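Here's a quick tour of a structure, written for someone just getting started. Have a look at it first, then read on.

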Amino acid sequence: MSVFGSPVRRSAALSVVMTAVVAIVFFFPIYFMLVSAFKSEPEIISQTFSFLPLDFQGLGQFQRAAEIAPLGTYLFNSSLVAAINVGVTLLFSALAGYGFAKFTFPGRTALFLFVISTMMIPTQILVVPLFVEIKLLGWVNSYQGLIVPGMMNAFGVFMMRQYVYDIPDEIIEAARADGAGEIRIFFFIVLPLLTPALASLAIIIFIWSWGNFLWPLVAVTREELAVLATGITSYTQPYQRQPMWGAAMAVATIATLPLLVLFVFFQRYLVKGLTAAAVKG
Amino acid sequence: MAMNDVRQMAGRSVTDLPAPSLTRHRKWWGLLFVAPAVLFFAVFAIFPIGFGVYLSFTRYDLLTPPQWIGLGNYTGLFRDRAFLVAIGNTMLFVFGATVPVWVLSLWLALRFDRCFASRNIWKSLFFSPVLPPLVVVAVIWKVLLHPNGLVTGLVGPIFGVTEIRWLTDPVLSRLVMIVVNDWTMIPFFSMIWLAGLAGVPDDLRRAGELDGASDKQIFFLITLPLLKPTAVLVAALSTINAFQAFVLQYEMTPDRGGPADANLTLGLLILKYGFQYFRMGEAAAASVLLFAVILLVTAAQLWLGRQK
């Protein structure tokens, strides 16, 4: 009796085909974005779809995007904000994680709860009072205002504390016995041991920072301070002009590209990062 | 590491690590190490919460100093048609962004949990919607859902029409917001379910198979009870996210929440009151109310997580 003809085998094959179809349906809009960045305007707003551009634009849509709005500035600002967010969060989180995990001091538990309780506060709730706060500080429409209020994330402290806790006390004690100072121990003993955890944290913070829309939307109104996430609206909701869908797809592709690269090369870390980041939401 | 953290947060108290053994008197160093983080959160998280509560009791337009009006903003909100409409819209969105997402994300996670040919490729394609930032998701779908766009081209012929106003029709646009949200959230929550499924021992399921249990019995009697921590996490996260939703509505609908406030969510209302009308007091009061809802959901999550 042939195995291939058996109903069990056939239904299993059918189930795989169905799963593949589901995957393609979910992926299609991403493909649409990527391919539309190289299509002409009438081909994008069209009731039919061609898998490859019929009227290939080369990098034309990207050039058009850069002509209409300061795309380079958006890209620079997004990168700057992400770099500072990642750097500050990594440093402050490692410091605090070390302090909370390896030292005893009065109020340790209370301060730790104080820090991690802020993980439950969504930006949506903070946006009004934070805006008033930076207005009082004179930071509206400035890099400080754009970057500082969001440059640190309590999730990092929570995560680093767990990892520092796993570092054996003997290593730290041995360094102390050898006469190393506390700051030296942190930078030359603790920090190197945290490298893998810091890499995961960097990916998580990068994703959050790169996609952050709400804070840049309210903190800055000047175009030269906009990031990609807010800048993209100057193509889809332009002031006194028709929307430029091709340019919008080109910018959408640029905004997705770093995440796509992370996904292709570090899929495991990215999935882990996104799953862990879910806790913060 | 990720799933460990997730479980720890979902199920266990965060303070129950045993005390460190380094109990020498290095108090000041410990305080010094935690100081930058503590100060940062004091200034940019805890203070604004208190400040927001204060602002919610005042009338404040950013120009003249805040003026204390007691509960005026709260009573005003509940008499405000836009606020009541926003509550209704938000509740509808929350429903659409939770129940279908839970069911479909778990169902798809179970499909991708099985072994089959080139599974990783299909899995990568399926996960891809989590990649673009939410505002980019909104832009992609705005193009797909153009009245004369591709989705109209696919669906229109069935109804014999050549133009569909997906985003400017009050009923359709509400449905579309939910579908687009669920398109990015289903793969995301499938990821979390899959991480949870990885912790369900295979031999338990196989033992069930040997005892002659049906696939359904194995799922409902063995797999699902073991997935409870994941289920609590998925339920809480999706609910909290949905209550704050505003990005899709902001970017995709006419007049940022239209047509005629059909897609005005609480998140959008806070933005409109605060940064369009400069009614900071009312915006702060709406934020406080939204925060109360989110705290309730978090409390429910912690309570459910503790139940055996």
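Let's start with Ala37(B) in this predicted model. Leaving out residues up to four places away in sequence, Ala37(B) touches Phe92(A), Ser93(A), Leu95(A), Ala96(A), Val115(A), Met152(A) and Val157(A). One of those partners, Val115(A), comes up again below, as a buried residue of helix 5 of chain A.

**The nonpolar core**
- The largest nonpolar core has 174 residues, and Ala37(B) is among the three that touch the most other members, along with Ile232(A) and Val251(A).
- Helix 4 of chain A supplies the largest share of this core, with 14 residues.
- Both domain 1 (7-58) and domain 2 (69-231) of chain A put in at least three residues each.

**Helix 5 of chain A**
- Which residues of helix 5 (residues 108-117) are buried? They are Arg108(A), Leu111(A), Phe112(A) and Val115(A).
- Looking down the helix axis, these buried residues fall within an arc of 100°, so they line one face of the helix.
- Turned away from that buried side, you'll find the exposed residues Thr109(A), Ala110(A) and Leu113(A).
- The cover over the buried residues includes helix 4 (71-102) and helix 8 (154-165) of chain A, plus helix 2 (27-55) of chain B.

**Where the chains meet**
- Chain A has 94 residues in contact with 88 residues of chain B.
- Helix 1 (residues 7-36) of chain A gives the most to chain A's side, with 13 residues.
- That side of chain A breaks down into 66 nonpolar, 21 polar and 7 charged residues.

**Domains of chain A**
- The centres of domain 1 and domain 2 of chain A, taken over C-alpha atoms, are 38 Å apart.

Terms used
Residues are numbered from 1 along each chain as its sequence is written. Chains are lettered from A and ligands numbered from 1 in the order in which they are written. This is a predicted model: local features need pLDDT of at least 70, side-chain atom pairs count only at pLDDT 80 or more; totals for chains, interfaces and linings use all residues. Two residues are in contact if their C-beta atoms, placed from the backbone, lie within 7 Å. Helices (H or I, at least four residues) and strands (E, at least two) are DSSP runs, numbered from the N terminus. Ala, Val, Leu, Ile, Met, Phe, Trp, Tyr, Cys and Pro count as nonpolar, Asp, Glu, Lys and Arg as charged, and the others, Gly among them, as polar. Domain bounds come from an automatic or database domain assignment. A residue is buried if 20 or more other C-beta atoms lie within 10 Å of its own, exposed if 12 or fewer, and partly exposed in between; C-beta atoms are placed from the backbone. The arc is that of the directions from the helix axis to the C-beta atoms. A nonpolar core is a set of buried Ala, Val, Leu, Ile, Met, Phe, Trp, Tyr and Cys residues joined through C-beta atoms within 7 Å.
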